[in-house]
Amino acid sequence: MGRITITDSIDAPVAVVFGYVDDHRNTTKYMQGLTKWKPTTSVTHGKGAKFEVAMKAGPSTLGSVVDITTWTENKAIGWRSTEGFKQTGKWAFKANGEDSTDVTFEMEYEFGGGIAGRMLGRAAEPVVKSNLQRSVKTLKQTTERLAARKAPVKAAAKTSATSTAKPAAKAAAKTRPAASRSAKR
């Protein structure tokens, strides 16, 4: 059985990173070699969602059906295969301050077929590991761009709220009843 663990830090809030991974429509965009991650039911995220998966491994494509077995918002998404290529995996997310997220991707997999399967697994492991490292790097780049686009909007909203609060306070002072103004004299 092969096991791969990759950890990285992403300069984006945990909600942005988790949300991007949790949206099944993004999976083939950042996961290298993955050609399909298609829901098999109307449940498209969270515990109990099921996906038909296809992954390129050299000249062949490995297929699976996976169930989401772990789902905790902004913390973890985990799965295991129920059919086809045997695999279990998990994304773990940990906020590192307000605008940074530590992510860990873990995957265990097994090629069937006895000795031939083990030999194939040893030959494929460097390719699988390279694909998964590139996947985490792509996730990092994509979610950091998303967070950067959201940051100016967030900053503009704070500036707007501050700049409208001062004129409102001045306007309120001008509209106080005359008796209140004369009492201060």
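Two residues are in contact when they have heavy atoms within 4.5 Å of each other. Keep that in mind as you click around this predicted model.

**Stop one: Ala 92**

Select Ala 92, which lies in strand β6. What does Ala 92 touch, not counting residues up to four places away in sequence? Show Lys 75, Ala 76, Asp 102, Val 103 and Thr 104, and you have its partners. Now add Phe 18: this residue is 74 residues apart from Ala 92 along the chain, but their C-alpha atoms are separated by 8.9 Å. Is Ala 92 buried or partly exposed? Its relative accessible area is 26%, and buried means under 20%, so Ala 92 counts as partly exposed.

**Stop two: the whole protein**

Zoom out and switch to the cartoon view. You should find four helices and seven strands. Follow the chain from its start and the order reads β-α-α-β-β-β-β-β-β-α-α. Of the 185 residues in the protein, 33% are buried. Looking at contacts with a separation of 6 or more, 47% come from residues 24 or more positions apart. Turn on the surface if you like: the protein exposes about 11,000 Å², and 55% of that is supplied by carbon and sulfur atoms.

**Stop three: strands β4, β5 and β6**

Colour residues 60-72, which are strand β4, and residues 76-84, which are strand β5. How many bridges pair these two strands? There are eight, and the strands run in the antiparallel sense. To see one bridge, pick Val 66 and look across to its partner in β5, Ser 81. Next, go to the hairpin of β4 and β5, with three residues between the strands. Click on Asn 74 there, which takes a positive phi near 60°.

Carry on to strand β6, residues 86-95. β5 and β6 are antiparallel too, joined by five bridges. Arg 80 is a good residue to select here, as it stands opposite Thr 88 in β6. The hairpin that joins β5 to β6 goes through one residue.

**Stop four: the aromatic rings**

Show the side chains of Phe 18, Tyr 20, Tyr 30, Trp 37, Phe 51, Trp 71, Trp 79, Trp 91, Phe 93 and Phe 105: they form one aromatic cluster. The structure holds ten aromatic pairs. Start with Tyr 20 and Tyr 30, whose ring centres are 5.8 Å apart with planes at 45°, so this pair is tilted. It links distant parts of the chain, with Tyr 20 in helix α1 (residues 14-22) and Tyr 30 in helix α2 (residues 27-30), ten residues apart. Both Tyr 20 and Tyr 30 are buried.

Now try Trp 91 and Phe 93. Why is this pair called stacked? The planes are at 20°, with the ring centres 6.3 Å apart, and planes under 30 degrees apart count as stacked. Trp 91 is buried, with a relative accessible area of 3%, and Phe 93 is buried at 4%.

**Last stop: the core**

Stay on Trp 91 and show what surrounds it. Leaving aside neighbours within four places in sequence, Trp 91 is in contact with several residues, including Val 21, Tyr 30, Met 31, Ile 77, Trp 79, Phe 105, Val 136 and Leu 139. Finally, select Trp 37, Trp 91, Phe 93, Phe 105, Leu 132 and Leu 139 together. These are the residues with the most contacts inside the largest nonpolar core, which has 34 residues.

Note on methods
Residues are numbered from 1 along each chain as its sequence is written. This is a predicted model: local features need pLDDT of at least 70, side-chain atom pairs count only at pLDDT 80 or more; totals for chains, interfaces and linings use all residues. Side-chain values use heavy atoms; hydrogens and water are left out. A nonpolar core is a set of buried Ala, Val, Leu, Ile, Met, Phe, Trp, Tyr and Cys residues joined through side-chain atoms within 4.5 Å. Buried means under 20% relative accessible area, exposed over 50%, partly exposed in between (1.4 Å probe, protein chains only). Accessible areas come from the Shrake-Rupley method with a 1.4 Å probe; for residues, only the protein chains shown count as cover. Two strands pair if DSSP finds at least two bridges between them. Rings of Phe, Tyr and Trp (its six-membered ring) pair if their centres lie within 6.5 Å; planes under 30 degrees apart count as stacked, over 60 as edge-to-face and the rest as tilted.
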